[in-house]
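Here is a quick tour of one protein model, meant to be read with the structure open beside you. Have a look first, then scroll on.

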Amino acid sequence: MQYKRVKGMSDIFLPEVTNWQFVEDEARLFFKARLYEEIRTPVVEYTELFQRSIGEVTDIVSKEMYTFCDRGERSLTLRPEMTVSIVRAVIENNLLGIREPLKLFYSGPMFRAERPQAGRKRQFYQIGVEVIGNDSPFCDAEVIRDLVFFLERLGLERDACTVKLNNIGCPQCRPAFLKKLREFFTTQKESLCESCQVKFEKNVLRIFDCKNKECKEIAAGAPKVSDNVCEGCREHFTAVEKGLMLFQIPYTIDKNIVRGLDYYTSTVFEVTSKKLGAQDAIAAGGRYNNLLRELGGEDKSAIGFALGVERLLVCLEDSLKKNPSSVLERTVYVAYGDNAYIDQAKQILARLEALGYATYADLDKRSLKSQLKRANKFGLRWVLILNQDEVERGTYQLKDLRSLDVDQCLIFDKSFEANIRASMSTEE
Ligand SMILES: [Zn+2]
Ligand SMILES: [Zn+2]
């Protein structure tokens with residue numbers, strides 16, 4: 001009997017896991033510097049929370065959630081996305097108040113039982129942010145800026161990405177638009193697929209999410225929400241555009257972006273990359289100005305985005321090779337030229353650790369050649385070598401694997417600490 005992992009899910013290990021760590025580490029630093037606080041919520045929530053907020057007739061809720069009963073016969077669901085859990089947590093823990101606007105950052109796995117295909121996993125990872133308690137269009141521009149600049153920092157060129165923007169209206173203008181939309185689809189109702197006929201009755205906007213070819217063709221001729229928004233929405237949108245121009249972020253307006261979740265209002269956006277096929281976005285987000293109130297919280301506006309880590313890694317493939325991990329800059333591989341020096345190697349190891357360096361040594365009697373090979377394989381930079389000369393005189397040879405010439409750096413025992421600091425701080 002051989003056990004297999006669950007279909008559509010992955011094990012992530014070396015060497016790919018290094019790229020995951022790079023992206024996650026960079027994200028943590030980047031968003032922390034912009035005063036986003038990290039939030040972690042449980043991976044499961046009561047099913048009702050998602051049904052209520054994402055919407056009963058959305059694809060996510062109607063066919064993609066991992067829902068099960070626990071031993072107490074309560075219906076639980078593995079989170080299919082993060083925004084709803086965060087809003088629940090913000091309300092439940094009273095996180096608003098002096099910290100408003102609340103800027104939150106998250107990173108973790110989400111679960112959707114989609115048809116497995118390239119780049120689509122059933123356990124997939126997202127990095128995202130939410131800004132809660134700010135209504136200003138400049139905030140929209142800042143959130144989009146943070147997304148675009150983060151991608152750029154990871155090595156994705158700005159012209160390799162496209163920011164697509166739309167406005168999907170607010171509670172003032174949406175009822176009139178929905179009426180118009182229903183009128184449009186009434187005449188063609190018979191040609192829609194079965195599930196769209198249900199959507200027509202329950203939530204006409206979701207017809208736009210249908211992947212059926214005929215439904216798509218019909219929907220393409222439907223009135224566009226952004227052509228039917230109120231004056232307030234129009235002004236908000238213009239101001240978002242101004243903000244993006246200030247940050248010199250190119251964008252296109254895409255009237256077809258409606259986002260497949262019910263909670264979105266006003267500004268919605270996607271970032272797509274040439275490196276991904278078809279219409280796949282690396283990241284997407286938008287405003288959800290009514291969600292807090294709908295889930296029993298205060299009437300606060302909010303905006304956020306989620307970035308798909310698997311897709312991001314596909315886009316980053318080439319640039320990742322140029323980013324050796326900086327974590328290993330302070331790791332020293334302690335090597336010995338002769339097995340007789342293994343005890344000395346242990347002592348050096350202890351001294352280095354006491355000085356705050358991370359160490360590694362293969363103390364199982366290897367040849368120097370094999371030790372250097374190992375150090376190289378780990379991607380380490382520094383190797384400290386003990387040879388007869390060194391041991392007798394109390395000096396050591398520090399080799400920089402990144403520079404081609406052997407660095408004959410002699411470190412005298414008395415000033416061991418100062419010497420090693422000076423040697424390892426030299427830039428290549
Ligand atoms: Zn409006
Ligand atoms: Zn359909």
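## Q388 and its distance from V229

Let's start with Q388, in this predicted model. Its relative accessibility comes out at 47%, so Q388 counts as partly exposed, since that class runs up to 50%. The residue sits in helix α14, which spans residues 388-393.

How far apart in space are Q388 and V229? Going from C-alpha to C-alpha, it's 81 Å, with the two positions 159 residues apart in sequence.

## Two domains

The chain splits into domain 1, made of 16-173 plus 229-320, and domain 2, covering 326-424. If you take the C-alpha centres of domain 1 and domain 2, they end up 46 Å apart.

## The zinc ion, ligand 1

Which residues hold the zinc ion (ligand 1)? The protein donors are the SG atoms of C170, C173, C230 and C233, and they lie 2.3 Å from the metal. The angles subtended by these four donor atoms run from 102 to 115°, which makes the arrangement tetrahedral; the criterion is that all angles lie between 85 and 135 degrees.

Along the chain, the donors of ligand 1 are spaced as C-x2-C-x56-C-x2-C. C170 is in the loop between β7 (161-167) and α6 (174-186), while C230 is in the loop between α8 (213-220) and α9 (231-246), so this pair ties together parts that are 60 residues apart in sequence. As for accessibility, C170 is buried at 13% relative accessible area, while C230 has 23% and therefore counts as partly exposed. The cut-off that puts them in separate classes is 20%.

## The zinc ion, ligand 2

The zinc ion (ligand 2) also has four cysteine SG atoms as donors, from C193, C196, C210 and C215, at 2.2 to 2.3 Å. Here the donor atoms subtend angles of 105 to 114°, so the arrangement is tetrahedral.

The sequence spacing for ligand 2 reads C-x2-C-x13-C-x4-C. Are C210 and C215 buried or exposed? Both of these donors are buried.

## One cavity

Searching the whole structure for cavities of 30 Å³ or more turns up one. The largest cavity has a volume of about 40 Å³.

What lines it? The lining consists of V148, L151, L156, E157, R158, C161 and V271. By class, that lining has five nonpolar residues, two charged ones and no polar ones.

## Backbone oddities

A bit of background for this part: most residues other than glycine have a negative phi, and most peptide bonds are trans. Two cis peptide bonds are worth a look. One joins L14 and P15, with omega at about 0°, and P15 belongs to the segment before α1 (16-33). Another runs from E100 to P101, again with omega near 0°; P101 is placed in the loop between α4 (83-92) and β5 (102-111).

Then there are the positive phi values. L35, not a glycine, has phi near 65°, and L35 lies in the loop between α1 and β1 (37-38). Its relative accessibility of 65% makes L35 exposed, because the threshold for that label is 50%. S266 isn't a glycine either, yet its phi is positive at about 55°. This serine is part of strand β9, residues 265-273, and S266 is buried, with a relative accessible area of 5%.

Methods:
Residues are numbered from 1 along each chain as its sequence is written. Chains are lettered from A and ligands numbered from 1 in the order in which they are written. This is a predicted model: local features need pLDDT of at least 70, side-chain atom pairs count only at pLDDT 80 or more; totals for chains, interfaces and linings use all residues. Side-chain values use heavy atoms; hydrogens and water are left out. Donors are N, O and S atoms within 2.8 Å of the metal (3.2 Å for Na, K and Ca); water is not among the atoms, so sites may look incomplete. Four donors count as tetrahedral if all angles lie between 85 and 135 degrees; four count as square planar and six as octahedral if opposite donors are over 155 degrees apart and all others between 65 and 115; anything else is irregular. Helices (H or I, at least four residues) and strands (E, at least two) are DSSP runs, numbered from the N terminus. Buried means under 20% relative accessible area, exposed over 50%, partly exposed in between (1.4 Å probe, protein chains only). Domain bounds come from an automatic or database domain assignment. On a 1 Å grid over the protein atoms alone, a cavity is a set of points where a 1.4 Å probe fits but cannot get out, and a pocket is an open set with protein on both sides within 12 Å along at least five of seven lines; lining residues have an atom within 4 Å of a point. Grid points are joined across faces, edges and corners, and a volume is the space filled by probe spheres set on the points. Ala, Val, Leu, Ile, Met, Phe, Trp, Tyr, Cys and Pro count as nonpolar, Asp, Glu, Lys and Arg as charged, and the others, Gly among them, as polar.
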